[in-house]
Amino acid sequence: SNQEMLDKLRDTIVTQNINGCAAATQEALDAGMTAVEIINDGLSPGMKIIGDKFEAAEVYLPQIMMSAKAMNAAMEILVPILAEEKGADDEGVGLAITYVQEGDIHDIGHRLVTTMLEANGFKIVDMGVDVPNDKISEEVAKNKGKKLLLVGSALMTTSMLGQKDTVSMLVEEGLRDSVKIMFGGAPVSDAWIAEIGADATAENAADAARVALNLM
Ligand code: HCB
C-alpha cells in the first residue's frame, strides 16, 4: 500500500540506507506516487526523525551526513521530475533570488524550494549556501525594477538571526520596496516573519510555491 511505501521511504533515511532510498523512491514513482508526496510524506519525516535523534544524542554527525546522502540519492531522481510535473510558461511569473543565510550550509530544503519555484514559472538566481548579506543586497540592486522575490533559508537558530539583518540592510539601502521577501527553514515561524518585517514563510517546498505565487 501507499502507507507501507511511505514508511519504507522514511526508514531508508533513518537507517542511512543510501541505495535502498534510491530504490524505494523509484518503486514509489512506479506505483504512481508523485514526487511531492514522496518528499513531503516519506523522506522529510525521516529527516525530522534523524534530526530529533541527533538532538537527543542518539545519533552523531556521521549518521546525519549519511542520511543526507540518502536524501540526495532520492533527489537526483526526483528533482528532474518535480521540474516536469509543472511546465514553466514563457512569460515568467517573476525572478526568484534563492540562497541559504551566511554561516549555514544546510542546502537540501533550499534546493527543493528552488526547484519547485522554477517548476512554477519563476526565473531563478540560485546564490547557493553561506551567502553574506552584502551579496544579497547587491543582487537585489542589480535586478531592481523586475518582479522580484527573495527566498532565504536558514536551518539553525543562529543563522536565522541573519535574516533580520537582511531585511534591515534592504531597508537602509532603499531596496525594501523593490522586492518581496519569503524566508523559511525549520526554525522560521510566522511570529519571526512579522517581527523582522519580511512578507511570508512556508512549511515545505510545495507550500513555498503557492505562497510565492500569491506574493507576486
Ligand atoms: Co544539521 N542541524 N548541522 N546538518 N541538520 C539541524 C538543522 C539541527 C536542527 C539538528 C538538531 O540539533 N536537532 C541543528 C540546528 C540546531 C539549531 O540551531 N536550532 C543542526 C546542527 C546543530 C548542525 C551542525 C552545527 C552540527 C555540528 O557540526 N556540530 C552543522 C552545521 C553546519 C553549518 O551549516 N555551518 C550541521 C551539519 C549538517 C549536515 C552537513 C550533516 C547535514 C546537512 C547536509 C546538507 O544540507 N547538504 C545536516 C542535516 C541534514 C540536518 C537535519 C537532520 C535535516 C535538515 C534537512 O535537510 N531537512 C536537521 C534537523 C531538522 O531540520 N530537524 C539538522 C530536510 C529538508 C527537506 O527540510 O526544513 O531544510 P528543510 O526545508 C523545508 C522547509 O523548511 C521549507 O521547505 C523545505 C522543503 O520542504 N523551506 C522553505 C526551506 N527553506 C525555505 C525557504 C522559504 O522561503 C520557504 C520555505
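1. Domain bounds here come from an automatic or database domain assignment. For this chain, that assignment gives domain 1 (2-85) and domain 2 (94-215). Taken over C-alpha atoms, the centres of domain 1 and domain 2 are 25 Å apart.

2. A quick word on the ground rules: this is a predicted model, where local features need pLDDT of at least 70 and side-chain atom pairs count only at pLDDT 80 or more, while totals for chains, interfaces and linings use all residues. Residues are numbered from 1 along each chain as its sequence is written, and side-chain values use heavy atoms, with hydrogens and water left out.

3. Do the two domains touch, and with how many residues? On the domain 1 side 11 residues are in contact (heavy atoms within 4.5 Å) with 8 residues of domain 2.

4. Now the ligand. Domain 1 and domain 2 both give residues to the shell around the ligand, so it lies between them.

5. Who sits around the ligand? There are 34 residues around it (a heavy atom within 4 Å), and Ile-105, His-106, Asp-107, Ser-153 and Thr-157 come nearest. By class, the shell has 19 nonpolar, 11 polar and 4 charged residues.

6. Helix 3 (helices being DSSP runs of H or I, at least four residues) gives the largest share of the shell, 6 residues.

7. Look at the backbone too, for polar contacts (pairs of N or O atoms within 3.5 Å). A ligand nitrogen atom lies 3.0 Å from a backbone N or O atom of Gly-103. Ligand oxygen contacts include a polar backbone atom of Thr-157 at 2.9 Å and one of Met-182 at 3.1 Å.

How values were computed:
A polar contact is a pair of N or O atoms within 3.5 Å; within protein, one must be able to donate a hydrogen and the other to accept it, and residues adjacent in sequence count only if both atoms are side-chain atoms. Helices (H or I, at least four residues) and strands (E, at least two) are DSSP runs, numbered from the N terminus. Ala, Val, Leu, Ile, Met, Phe, Trp, Tyr, Cys and Pro count as nonpolar, Asp, Glu, Lys and Arg as charged, and the others, Gly among them, as polar.
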